[in-house]
Amino acid sequence: MTDSVIFTEDLTKIYQGELGQKPTVGVEGLHLDVRPGEVFAFLGPNGAGKTSTLKLLTRLLMPTRGRALIFGEPVSDNRTMRRVGFVPEQPNLYGYLTAAEMLDFIAKIFGLPASVRKKRISDTLDRVGLAASGGLAVRTFSRGMMQRLGMAQALINDPDLLILDEPMSALDPIGRKDFRDLILDLKNRGKTLFFSSHILSDAELVADRCGILNRGRLVQTGILGDLLESQTGSIEIAFIPAGGRPSAEDLARFSFSEQGGNRVVRVTRPEDVTAVVAAVQAHGGRLVSVSPQRKSLEDVFMAEIGR
Ligand SMILES: Nc1ncnc2c1ncn2[C@@H]1O[C@H](COP(=O)(O)OP(=O)(O)OP(=O)(O)O)[C@@H](O)[C@H]1O
Ligand SMILES: [Mg+2]
């Protein structure tokens, strides 16, 4: 706990709602321990409690019970929060300023001297892919540009921890690639990243660890490699049968599918791999691939959420 970047214990938010309404669980009994330098993906379906948790971590909400520490200090500690950058779900930024003016405004709030502000702002705009847009009014920005600018405002103070709520939701595939590169670059510079996401394939590419939240409860946490390895162990064999004829009798006991002109069979036992490969070759067919099937984060997610 002493060197945790984010540590929560029984962190709970119950929304009381209007008089006569039933309380709603935002998040309940959350225990988290995010380590220095980790990229942690916080996953869960709509309404799972991701935003509630991120708001508790950034002091935008008060917990009903439990506690949250950042760099070992309560989130109420102002000095600690200066080391944190936050991008909310829908960054609501000053529309009438230009992007560069807005970043300058925020840099001044952080007390950055004029001598460093100018370079910091142009470097930051560059890092989020907005180098050419610094002079444009923010109100003219597209949703993806807003998300990039949200990231820029979070980076302006060179924080040690970044907390990001659905940072990729508005980005196109190139934007998501840029964003993944940015995350890995920040990680290489020793930063810790905690982000919520629905885009499981992107989370899979950058996260070291993930937590899956459902109905306010953490249902799974783990090192991504471990979660994805603990799987069925099935092996997929693709081949082109000889002369395009139906598969040989030796293969009759397996069931096949067609994929892009290849015949594909999935087996789990090593002896079946040997049998299929031998039969394909014995009949003059051509082997295309033998690939162990890895679980995707989506498989893990679906299994945990129980659909
Ligand atoms: N201000 C509020 N008042 C009452 N209930 C709320 C409030 N904010 C969130 N909730 C409820 O808390 C639960 C968790 O919501 P939250 O916004 O944290 O989920 P989320 O995981 O971020 O969802 P999404 O993926 O849709 O962004 C939901 O049932 C939601 O209706
Ligand atoms: Mg949310």
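Which residue just after helix 3 takes a positive phi? Keep that in mind for a moment, please, while I say that what we have in front of us is a predicted model, and that I will go through helix 3, then the sheet, and then the two domains.

The residue is G111, which follows just after helix 3 and has a positive phi of about 80°. Helix 3 itself runs over residues 99-109, and its buried residues are A99, A100, M102, L103, D104 and A107. If you look at what these buried residues pack against, you will find helix 4, at 114-127, and helix 5, at 143-155. As a general reminder, an α-helix has 3.6 residues a turn, so residues three or four places apart point the same way. With that in mind, you may like to follow A100, L103, D104 and A107 along the helix, since these are among the positions that are buried.

Let me turn now to the sheet, which is open, has 4 strands in the order 2-1-4-5, and is paired in the antiparallel sense. Strand 2, at 24-34, and strand 5 stand at its edges, and because each of them has a single partner strand, one side of each is left without a neighbour in the sheet. Further in, strand 1, residues 6-15, pairs with strand 4, residues 65-70, through 5 bridges in the antiparallel sense, and within that pairing T8 has A68 of strand 4 as its bridge partner.

Strand 4 also pairs with strand 5, residues 73-74, again antiparallel, and here there are 2 bridges. We can name the residues on both sides of them, since L69 is partnered by P74 of strand 5, while I70 is partnered by E73 of that strand. These two strands form a hairpin with 2 residues between them, and in this hairpin F71 adopts a positive phi near 50°.

Finally, the domains. The chain is divided into domain 1, covering 6-229, and domain 2, covering 235-297, and the centres of the two, taken over C-alpha atoms, are separated by 45 Å. As for the contact between them, 4 residues come from domain 1 and 4 residues from domain 2. On the domain 1 side, helix 7, residues 200-206, gives the most, with 3 residues. By class, that side of domain 1 is made up of 3 nonpolar residues and 1 charged residue, with no polar residues.

That is where I will stop, and I am happy to go back to any of these regions on the screen.

Technical notes. Residues numbered from 1 in each chain as written. Chains lettered and ligands numbered in written order. Predicted model: local features only at pLDDT ≥ 70, side-chain atom pairs only at ≥ 80, totals over all residues. Pairing = 2+ DSSP bridges. Domains from an automatic or database assignment. Contact = placed C-beta atoms within 7 Å. Nonpolar A, V, L, I, M, F, W, Y, C, P; charged D, E, K, R; others polar. Buried ≥ 20, exposed ≤ 12 C-beta atoms within 10 Å, placed from the backbone.
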